[in-house]
Amino acid sequence: MSEVPTFDARILLEGARIVAARVDEDLIVREVVGDWCEVAVGEDVRDTVPALIGMEDELSQELPYVQLPFVSLGMSHEQPVAISVKRDWETQSLWILLRDVSEEASVQERLVHQHNALSLAHRELAAARDAALTADKAKTRFLANVSHELRTPLNVVIGGASILRKQRDKPLPNDDVITFSNDIHDSGILLLQLVDDLIDLSRAETGNLTIYEEWCNPSVIIDEMVRLSRGLPEAEGIEIVYLPNENVPEMYADPRRVKQILLNLLSNAVKVCSPGSRIQVETEVLGSGDFKITVRDNGPGMSQANLAIALEPFGQPNAETRARGTGLGLAIVAKLADLHQAKFDITTELGKGLAASTSFPAMRLSSNTG
Amino acid sequence: MKAHKVIVIGDFGVGKTSLIRRYVLDVFSDQYRATLGVHLYKHSDVIPVNGTEQQIKLVLWDIEGAPLPGEQMMRYSLGASGAIVVGDLTRPDMIEPMRRAADMIEARLPGRPIGFAFNKYDIAPAPNDSDIAALKDRYGALITCTSAKTGDAVPTLFRNLTSLILGKKTGAL
Ligand SMILES: Nc1nc2c(ncn2[C@@H]2O[C@H](COP(=O)(O)OP(=O)(O)OP(=O)(O)O)[C@@H](O)[C@H]2O)c(=O)[nH]1
Ligand SMILES: [Mg+2]
């Protein structure tokens, strides 16, 4: 019988940057092999290796599968270790192995960092490119739409005027003269409104749109705009109501611009709603103290994709949104809200109506000026 | 006292490390240094529970970022009592990856509370109400807009999640 040489695995661990700790079922350290880092016998292994906190269930499994390649205790020590757990079948005990991985980590960390930084830069570039492309497309669309919007009423003006001019040769019946003059007048008003909107928008875009603030009563403004919108030609058969909240605060804002916001939203709603629909204006003081004015209709609503386009100047993807005003309305409302540091928000769903709300910040309200 | 493991996950560069370092050490750096593997932070805090102040201990897992949860993230999430899913408000498509991370948590750690942190609130606006409502509906989750830079809502985020974790505990007893 030849003698089997005894071999103590511990020799292998001498000087190696690895420590093995044997723990009992309460996770108390019973034995430590290797001296690369301090693990105290008799103490809970989770005190030195907090990564094991929460893993108790996994550790009590027959075959625990705990392998964490890079773990470092934050704060001061950055020393990364690899943690793995093995069960010794003879003694039924658990061995926790900690291995120093600082060398691998320093290389890997640089790689991960470079990879992440590059992907982030790449994503940013892609987003910038997309934004530039969309902006470019929006501009082309804008120009096409502006010309279209200007042409339609201009044609009415020119057509009407040239008929009236021919009266020299062949006088028209009085009624026709009145009809043509009315058309010319209305188209002129439309053009003026369009040009005013364009000026506002370009001022807003260049940061030159100023607001003239004063203390005003939102209720009075809303009331006025609701009455005005009832008089719009498309408003026939549509119920437009204002449901005032008990405590509408005084607001520090530009009343002319607040009116513009409301009238834009109301006339947009009126244009898409069919007779029998209902449009209501609601007010609410939010928990945050902000004051929210909502114009809600039960009209056709729109899809999220179309909503995004509708918010662009002249961004009208199809007939569904096309009908909404001159196409500048929402873009201007958003800018005007912004000038008041108000949050403009639209919630809508295709077929389920639309609610456009403007939330004026609490600091603009009388109750908060104490 | 039992310590709770809380994992912080999300895409890289969204501010996971920054949020934890703001909460634990009250510091912030503009420099980006990617996290490799996981960094652990031990932290004690005092939070109100049923009207009394209660001392709590957390082990926060700052996990290497990835656009979508993978094998590694799942392995690290083992045994967590709760999770914080971080998104970056400056990124246009931040919500979908957050949903995917939350789905992973739901599958791996059923019933554990999830907190959504919409970070970098100092430089970008909050998500719109309908997105928030959809997340709440789906995950019954805690949703907070945070800024690791200014510290805005950072302790609140961690404390509210911890309250939920403790709530779950007592609820189960
Ligand atoms: N403005 C601003 N910047 C932030 C905020 N939080 C983080 N950052 C910056 O975003 C970058 C990434 O932050 P980290 O905390 O390292 O991101 P991370 O999620 O840990 O990234 P990985 O470890 O790679 O997954 C850094 O440059 C931070 O300074 C914040 O709230 N506001
Ligand atoms: Mg990090």
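Which polar side-chain atom lies 2.6 Å from an oxygen atom of ligand 1? The atom belongs to B:Tyr32. The model is predicted, and every distance below is computed from its atoms.

Two further contacts to oxygen atoms of ligand 1 come from the backbone. For B:Gly13, a backbone N or O atom lies 2.8 Å from an oxygen atom of the ligand. For B:Gly15, a polar backbone atom is 2.9 Å from an oxygen atom of ligand 1. On its own, ligand 1 has 650 Å² of accessible area, and the protein covers 94% of it.

The surroundings of ligand 1 comprise 24 residues, of which B:Lys16, B:Ser18, B:Ser29, B:Tyr32 and B:Asp122 come nearest. The site is shared between chains, because residues from both A and B surround the ligand. Sorted by class, this shell has 11 polar, seven nonpolar and six charged residues. Among the structural elements, helix 1 of chain B gives the most to the shell, namely three residues.

Helix 1 also takes part in the metal site. The magnesium ion, ligand 2, has as protein donors the OG1 atoms of B:Thr17 and B:Thr35, at 1.9 to 2.0 Å. B:Thr17 sits in helix 1, which spans residues 16–25 of chain B, while B:Thr35 sits in the loop between helix 1 and strand 2 (38–49). The two donors are 18 residues apart, so the pair links distant parts of the chain. Are these donors buried or exposed? B:Thr17 counts as partly exposed, because its relative accessibility is 22% and the buried class ends at 20%. B:Thr35, by contrast, has a relative accessible area of 11% and is therefore buried.

The next topic is the aromatic rings. Over all chains, the structure holds four aromatic pairs. In one of them, A:Trp215 and A:Tyr252, the ring centres are 5.3 Å apart and the planes stand at 55 degrees, so the pair is tilted. The pair links distant parts of chain A: A:Trp215 is in strand 6 (residues 214–216) and A:Tyr252 in strand 8 (residues 251–253), 37 residues apart. A:Trp215 is partly exposed, at 39% relative accessibility. A:Tyr252 is partly exposed as well, with a relative accessible area of 33%.

Chain B has a tilted pair too, formed by B:Trp61 and B:Tyr76, with ring centres 6.2 Å apart and planes at 55 degrees. B:Trp61 lies in strand 3 (residues 52–63) and B:Tyr76 in helix 2 (residues 71–77), so the pair ties together parts of chain B that are 15 residues apart in sequence. Both B:Trp61 and B:Tyr76 are buried.

These elements belong to a chain with five helices and six strands. Read from the N terminus, the order in chain B is β-α-β-β-α-β-α-β-α-β-α. Chain B has 173 residues, and 53% of them count as buried.

Strand 3 and helix 2 of chain B, which carry the rings of B:Trp61 and B:Tyr76, are joined by a loop that holds B:Pro67. This proline is partly exposed, at a relative accessible area of 38%. B:Pro67 and B:Ile9 are 58 residues apart along the chain, and their C-alpha atoms are separated by 9.8 Å.

Technical notes. Residues are numbered from 1 along each chain as its sequence is written. Chains are lettered from A and ligands numbered from 1 in the order in which they are written. This is a predicted model: local features need pLDDT of at least 70, side-chain atom pairs count only at pLDDT 80 or more; totals for chains, interfaces and linings use all residues. Side-chain values use heavy atoms; hydrogens and water are left out. Donors are N, O and S atoms within 2.8 Å of the metal (3.2 Å for Na, K and Ca); water is not among the atoms, so sites may look incomplete. Helices (H or I, at least four residues) and strands (E, at least two) are DSSP runs, numbered from the N terminus. Buried means under 20% relative accessible area, exposed over 50%, partly exposed in between (1.4 Å probe, protein chains only). A residue is near a molecule or strand if one of its heavy atoms lies within 4 Å of it. A polar contact is a pair of N or O atoms within 3.5 Å; within protein, one must be able to donate a hydrogen and the other to accept it, and residues adjacent in sequence count only if both atoms are side-chain atoms. Accessible areas come from the Shrake-Rupley method with a 1.4 Å probe; for residues, only the protein chains shown count as cover. Ala, Val, Leu, Ile, Met, Phe, Trp, Tyr, Cys and Pro count as nonpolar, Asp, Glu, Lys and Arg as charged, and the others, Gly among them, as polar. Rings of Phe, Tyr and Trp (its six-membered ring) pair if their centres lie within 6.5 Å; planes under 30 degrees apart count as stacked, over 60 as edge-to-face and the rest as tilted.
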